[in-house]
Amino acid sequence: MHPSESIRLVAGSCRFGHFTAGLDGDALIGLSLGDGGHRCETWRRGAGVPRVDDPAAASIAAALDRPGTPSPLSLAPAGTPFQRAVWAQLQRIPLGETRSYADIAAALGQPGATRAVGTANGANPIAIFIPCHRVVRADGGLGGYAYGLAVKEALLAAEGALVAPAQQTLAFGP
């Protein structure tokens with residue numbers, strides 16, 4: 001966790017709605033979209049009221065409005081060594097492509113760690129800039145996303161990634 005006395009919060013709006021970002025110096029340590037404030041409690045606690053007039057807010061908003069645009073700030077997410085390794089792999093997924101949780105686990109040399117990869121993916125504090133939305137189910141379906149499947153689908157579509165349609169539930173019975 002980052003020391004709260006050095007963190008400042010900025011806020012703004014982008015194509016996905018309102019966002020709050022946590023910065024430690026010039027590094028982005030967290031990003032929360034919409035009502036996803038619960039995702040930022042660890043870096044937000046004691047940091048004060050988000051400023052909308054901070055120049056960083058405008059640069060973050062501009063990048064979020066163009067999915068696939070790299071973060072205008074350096075990224076400094078706090079996490080375990082395994083989480084940071086997963087997040088590094090996510091940043092290696094090319095624009096317009098997706099990977100499965102199993103692909104990420106294999107890339108880490110831990111093919112049995114698919115669930116752990118999913119957990120680390122879900123704990124990503126800088127969604128979009130660390131592109132956890134590019135991770136899909138093994139069957140190509142979207143899977144889940146902290147900000148909802150509509151946002152994940154919009155991000156992937158804007159980046160030119162093709163995803164398989166969601167699996168239909170089969171009905172059994174007479």
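These are my notes on one predicted model of a single chain, taken in the order I looked things up.

**Entry 1: confidence**

I checked the confidence before anything else. The chain averages a pLDDT of 84, and 82% of its residues score at least 70. By element, helix H3 (residues 81–90) has the highest mean, 97, and helix H1 (residues 41–44) the lowest, 58. I also looked at residues 167–174, where the pLDDT is below 50. Beyond near neighbours in sequence, that stretch has two contacts in the model. Where pLDDT is low, the predicted coordinates should not be read in detail. I left the stretch there.

**Entry 2: overall layout**

I listed the secondary structure and found six helices and six strands. Read from the N terminus, their order is β-β-β-α-α-β-α-β-α-α-β-α. The chain has 174 residues, of which 42% are buried. I then took the contacts between residues at least 6 apart in sequence; 59% of them join residues at least 24 apart. The accessible surface comes to about 8800 Å², with 56% of it belonging to carbon and sulfur atoms.

**Entry 3: the largest nonpolar core**

Which residues touch the most other members of the largest nonpolar core? I found Phe19, Ile60 and Leu90, in a core of 37 residues. Elements that each supply at least two residues include strands S1 (7–14), S2 (17–24) and S3 (27–33), along with helices H2 (55–64) and H6 (149–159). H2 gives the most, with six residues.

I followed Leu90 further. Leaving aside neighbours within four places in sequence, Leu90 is in contact with Ile104, Asn121, Ile130, Pro131, Cys132 and Val135.

**Entry 4: helix H2**

Since H2 gives the most residues to the core, I went through the helix by burial. Its buried residues are Ala56, Ala57, Ile60, Ala61, Ala63 and Leu64. Seen down the axis of H2, they fall within an arc of 165°, so they line one face of the helix. The general spacing is worth noting: an α-helix has 3.6 residues a turn, so residues three or four places apart point the same way. On the other side of H2, Pro55 and Ala58 are exposed. I looked for what covers the buried residues, and the cover includes S1, S2 and S3.

At the N-terminal end of H2 I found a cap from Asp54. A side-chain oxygen of Asp54 lies 2.8 Å from the backbone nitrogen of Ala56.

**Entry 5: Gly68 and Glu159**

Next I looked past H2, at the loop between H2 and strand S4 (74–75), where Gly68 lies. Is Gly68 buried or partly exposed? Gly68 has a relative accessible area of 30%, so I entered it as partly exposed. Gly68 and Pro94 are 26 residues apart in sequence, with their C-alpha atoms 9.3 Å apart in space. Outside its neighbours within four places in sequence, Gly68 is in contact with Leu95, Arg134 and Glu159.

That led me to Glu159, which sits in helix H6. At 8% relative accessibility, Glu159 counts as buried, because the cut-off is 20%. Which residue does the side chain of Glu159 join through a polar contact? The partner is the side chain of Arg134, at 2.8 Å. With neighbours within four places left aside, Glu159 is in contact with Pro67, Gly68, Leu95, Gly96, His133 and Arg134. Leu95 and Arg134 therefore appear in my contact lists for both Gly68 and Glu159, where contact means heavy atoms within 4.5 Å.

Technical notes:
Residues numbered from 1 in each chain as written. Predicted model: local features only at pLDDT ≥ 70, side-chain atom pairs only at ≥ 80, totals over all residues. Heavy atoms only, no water. pLDDT = per-residue confidence, 0-100. Helix = DSSP H or I, 4+ residues; strand = E, 2+ residues; numbered from the N terminus. Core = buried A, V, L, I, M, F, W, Y, C linked by side-chain atoms within 4.5 Å. Buried < 20%, exposed > 50% of the residue type's maximum accessible area, 1.4 Å probe, protein only. Arc of directions from axis to C-beta. Polar contact = N/O pair within 3.5 Å; in protein donor to acceptor, adjacent residues only side chain to side chain. Areas by Shrake-Rupley, 256 points an atom, 1.4 Å probe, with all protein chains shown as cover.
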